[in-house]
Amino acid sequence: MLKLKNNVDLKELEKFGFYLEGNTYKYDLILGKCVYICTIPSLNRTLIFPPFEWYEYLFFKKKINKRIESIQQKLIQAGLVEKVSD
C-alpha cells in the first residue's frame, strides 16, 4: 500500500495529473474510474485504487495495469509516497 508522505504539499500532485474535487485529489484511469487520495489528515493520505468489474478487467487489463503502474512509479520517483504495511 502506498501513502503520501506527511511533509508533501498536496498541490504537488497536480504536476502529475491529479485534480482536486471536493476534499479528494483524483487521477483518471479508464472507464470513469480513478485513483484518489483524500485530503483529510485522519484518513492517512493513502492512495486508493478503484475496484474493477471482472469484465472491465478482462477487456482492459493491460491498459489498467499500465496506468496504475505509471502513476505509482512517477510518485515514487518524485519521493512523494512511501510504502506502508496494511
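Glu82 is partly exposed, with a relative accessible area of 31%; here buried means under 20% relative accessible area, exposed over 50%, and partly exposed in between (1.4 Å probe, protein chains only). The model is a predicted one, in which local features need pLDDT of at least 70 and side-chain atom pairs count only at pLDDT 80 or more, while totals for chains, interfaces and linings use all residues. Residues are numbered from 1 along each chain as its sequence is written, and side-chain values use heavy atoms, with hydrogens and water left out.

Glu82 makes a good starting point for the salt bridges (a side-chain nitrogen of Lys or Arg within 4 Å of a carboxyl oxygen of Asp or Glu). Its partner is Lys3, with the closest N and O atoms 3.8 Å apart. This pair links distant parts of the chain, since Glu82 sits in strand β6 (residues 81-83) and Lys3 in strand β1 (residues 2-4), 79 residues apart. In contrast to the partly exposed Glu82, Lys3 is buried, at a relative accessible area of 12%.

By the same rule the count comes to 4 salt bridges. Among them is the contact between Glu56 and Lys33, at 3.6 Å from N to O. Glu56 belongs to helix α1 and Lys33 to the loop between β3 and β4, so this salt bridge ties together parts that are 23 residues apart in sequence. Glu56 counts as buried, because its relative accessibility is 12%. Another of the salt bridges joins the side chains of Lys26 and Glu21, with an N to O distance of 2.8 Å. Here Glu21 has a relative accessibility of 43% and therefore counts as partly exposed.

These contacts can be placed on the overall fold. The protein has 1 helix and 6 strands, and from the N terminus on its elements run β-β-β-β-β-α-β. Helices (H or I, at least four residues) and strands (E, at least two) are DSSP runs, numbered from the N terminus. Taken along the principal axes, the C-alpha atoms fill a box of roughly 40 × 25 × 25 Å. The radius of gyration is 13 Å, which agrees with the value near 12 Å for a compact globule with 86 residues; the radius is taken over C-alpha atoms, and the globule rule is 2.2 Å times the number of residues to the power 0.38. Of the 86 residues, 34% count as buried.

Helix α1, spanning residues 54-77, is also the place of Arg67. Together with Lys63, Lys66 and Lys74, Arg67 forms a positive surface patch. Patches are made of residues with over 30% relative accessible area and no salt bridge, like charges being joined within 9 Å and nonpolar side chains (Val, Leu, Ile, Met, Phe, Trp, Tyr) within 5 Å. Lys and Arg count as positive and Asp and Glu as negative, with His and the chain ends not counted; the place of a charge is NZ of Lys, CZ of Arg, CG of Asp or CD of Glu. Arg67 itself counts as partly exposed, at 30% relative accessibility.

A nonpolar surface patch of about 710 Å² is made by Leu31, Trp54, Tyr55, Leu58, Phe59 and Phe60, with accessible areas taken from the Shrake-Rupley method with a 1.4 Å probe and, for residues, only the protein chains shown as cover. Phe59, found in helix α1, counts as exposed at 64% relative accessibility. Leu75 is found in helix α1 as well, but is buried, with a relative accessible area of 0%. Leu75 and Leu10 are 65 residues apart in sequence, and their C-alpha atoms are 12 Å apart in space.

Leu31, a member of the nonpolar patch, deserves a second look for its backbone. Most residues other than glycine have a negative phi. Phi of Leu31, however, is near 60 degrees, a positive value. Leu31 lies in the loop between β3 (24-28) and β4 (34-38), and counts as partly exposed at 41% relative accessibility. Arg45 also has a positive phi, near 50 degrees. Arg45 is found in the loop between β4 and β5 (47-48), and counts as buried because its relative accessibility is 12%.

Pro41 lies in the loop between β4 and β5 too. With a relative accessible area of 66%, Pro41 is exposed. The C-alpha atoms of Pro41 and Asn6 are separated by 8.9 Å, with their positions 35 residues apart along the chain.
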